[in-house]
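The following exchange examines how terms are assigned to a structure. Each answer sets a value against its cut-off.

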Amino acid sequence: MQSRFLFASLAWGLLLAGCGSSTPDSSTAPSTSSHVTLQMAFPVDTHSLRTQGVSGQVTSAKVLIFDEDTNKTVSSVTLSPQNSASTIALANDKTYRFETSALSGATELAWGKLSQKITANVTLDLPVNSILQTASLIEGTQSQAGGTVPLYLNVNGPLGNAVPQGDYSVVYSAQNATVVSESKLGVVVKPTGSGDVTVRASVQGQDANHTTATLSASKVFQPVVQASTPWYGAVTGNWPTRYDFSMTVMGEFWLSGKTQRIPIGTVQNGAVSLNLPDMRGLTGALMIDGRNCTADETGGQFGAFAVSSFPLFGQANTSGRVGGSSIYLSGSDGYYYSSARLLYADRAVQGLYTYTCKESYGYTSSITLNLDLAAGWNVLYSGPNGQWQATRLTDTLPGGLSWRLSDSVRLTDFSLQGNVDVTAPYLGSTVTYTIKVTNAGPDSGSWLYVRGILPSGVSTVSYASSQGSFSGSDNAWYLGELTSGQSATLNVSVKVNSGNGTVSSSPYIDLAETSSSFDKNTLNNRTTITMDVQPQPGASNAVGVKIDTTAPVLTMNDTGTATVGTEIKLSGTVRDAYSYSYDSTHSSGVRRVEVYEGPRLIGTVLAADLKAGSDPQQFVWSQAWTPGQRGPVRLTTLGYDNAGNVSRSELIVQVQ
């Protein structure tokens, strides 16, 4: 991460130095400013652990920047999963408030704010908290007369999206029952009599107005007064693993003819706590390892459901992400690894059963089960003789069994650094890009790529890498595997064929879908490498670049009378006499337009944000402005071209 800021700062320094004496005087521009990089962690995919407040449905984020002293908007940026960071210039020695709105389309799913005094270049991680919309309690099943009853809490956002547990708090209360255990996933109560039991949940979090609000959910039920044969309810066990995660456990069931995932518990500080749901009244085939299986005629048929795996979702305490992984039951004798499952049977089943299982792609296979199932939840596992066996499940795991993380999961912490040896090369010269990838572990990582290394307008001359191979056509470096603590380096020499002014690339780490590695910190997985390409000395050169000594022509449209506190759009045109052509690529040569209210910078319009005008050399700029005081206000715009020439336009606006 440090390299990205180093080279971004260096590029800005060169840019400002290139402006020379054209820098605005103290009456129109602040004397110093810093570059502030704003970034937010988006979900890698919909099956990944997510940072607090960032739902898997979030597609963009809008950031408004306010001056804390005047409470006026000074700028705004938009982030996305593809562009999760943005850098803006802000005046030094001022405190700003950054308000971030995480969106799915036009719907706000989360919001947060951060205040920061700017004194130097800085990177800010933008916090958000989910917006709470609804809360409900779903009744579980009382295992037996006088036994406990689990109730599951669902907290959802504006689009029905699940809300991360870190974004809300909950307080439970019960009438005619006592609370046995509780968490943000639900509550377990024990009825104290035969009367109706009322359970209430008071959920506190952020509402759509960005204030603290309380949602109420309640459930009334009649407790079981007679014994119920099947066993349901809570089960606990140990988590003997070096990965200290806090996460939600999702049970995968075959229900109503399809696979469904239901939250059934948590892993917290080495302990597993599950609330297995009531499955009575449901019918379906046995599902083993994701396969839909039906019994043969001699074995008979019975309604049963299996939990084939536990995909992990939620926030890990390492602030990382794990996706596509599973937890399993394992035995101390080594025979149960990756084979034990939780199985529900609607009645007692005994005997040897042969099941025909159909794979998703049509292939069929057979599996023989020696079943001795009690009604309710059981542990099904493959024993030393290779046959499947079953043990009835109670509130704790049978002896010799514990939970473990899938062998395929390997946690890593990849980081990326990059630079170019010449940051202000001449057109036609050769420069070398250097990329370094480090794995801080704790595990080895495989199927590792770095993509987007080179910018457009360059051609590869040669490359050398400590491992793996580089493809110029794919603009990618395939590293293969990095062990914990290992680093790998790539050097690519390229010829600068085109470009004038700032040329950037954004290398990033990419894991192939076949990789079993999961990066617990993705914020250091990309960087930006910037060059300031200079034309060859002389009047012209072989690629048609001409020396530019003419400042752009800048205009600002009359806004009429403005009103204090009401946002208006300032706009105008910028036209540069300098142009160049190379391989059918055209540019007006304009680098940026700065807009000032008196000496205060309102905003900067970069070349990428200019809109096409009435001819190929004319562009339209626009900038939002909210007047903060009444009376005549002097607005100044400064237009910079790629050669460092600057022009100026002024307008007096009456504010009422």
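Q: Why is Glu 597 called buried?
A: Glu 597 has a relative accessible area of 11%, and buried means under 20%, exposed over 50% and partly exposed in between, with a 1.4 Å probe and protein chains only; Glu 597 is therefore buried. The model is predicted: local features need pLDDT of at least 70, side-chain atom pairs count only at pLDDT 80 or more, and totals for chains, interfaces and linings use all residues. Residues are numbered from 1 along each chain as its sequence is written, and side-chain values use heavy atoms, with hydrogens and water left out.

Q: What makes the contact of Arg 600 and Glu 597 a salt bridge?
A: The N to O distance between the two side chains is 2.5 Å. A salt bridge requires a side-chain nitrogen of Lys or Arg within 4 Å of a carboxyl oxygen of Asp or Glu, so the pair of Arg 600 and Glu 597 qualifies. Arg 600 itself, at a relative accessible area of 25%, is partly exposed.

Q: Which residues are joined into one network by salt bridges that share partners?
A: Glu 68, Arg 97 and Glu 99 form that network. The structure holds eight salt bridges.

Q: What makes Arg 451 and Asp 510 a pair that ties together parts apart in sequence?
A: Their side chains meet in a salt bridge at 2.8 Å, N to O. Arg 451 belongs to strand S34 and Asp 510 to strand S40 (residues 508-511), so the bridge ties together parts that are 59 residues apart in sequence. Strands (E, at least two residues) are DSSP runs, as are helices (H or I, at least four), numbered from the N terminus. Arg 451 has a relative accessible area of 25% and is partly exposed; Asp 510, at 26%, is partly exposed.

Q: How do you know that Arg 451 lies over the face of Tyr 449?
A: Arg 451 is at 4.4 Å from the ring centre of Tyr 449. A charge sits over a ring if NZ of Lys or CZ of Arg is within 6 Å of the ring centre and within 35 degrees of the ring normal. Lys 184 likewise has its charged end over the ring of Tyr 168, 5.6 Å from the centre.

Q: Why is the pair of Trp 447 and Tyr 478 called tilted?
A: The ring centres are 6.4 Å apart and the planes stand at 50°. Rings of Phe, Tyr and Trp (its six-membered ring) pair if their centres lie within 6.5 Å; planes under 30 degrees apart count as stacked, over 60 as edge-to-face and the rest as tilted. The pair of Trp 447 and Tyr 478 is therefore tilted. Ring pairs also link Trp 447, Tyr 449 and Tyr 478 into a cluster.

Q: Which residues touch the most other members of the largest nonpolar core?
A: Ile 435, Val 437, Val 450 and Trp 477 do so, among 27 residues in that core. A nonpolar core is a set of buried Ala, Val, Leu, Ile, Met, Phe, Trp, Tyr and Cys residues joined through side-chain atoms within 4.5 Å. Its largest share, five residues, comes from S38, which is strand 487-496. A second, separate core of 23 residues includes Phe 42, Val 63, Tyr 96 and Leu 109.
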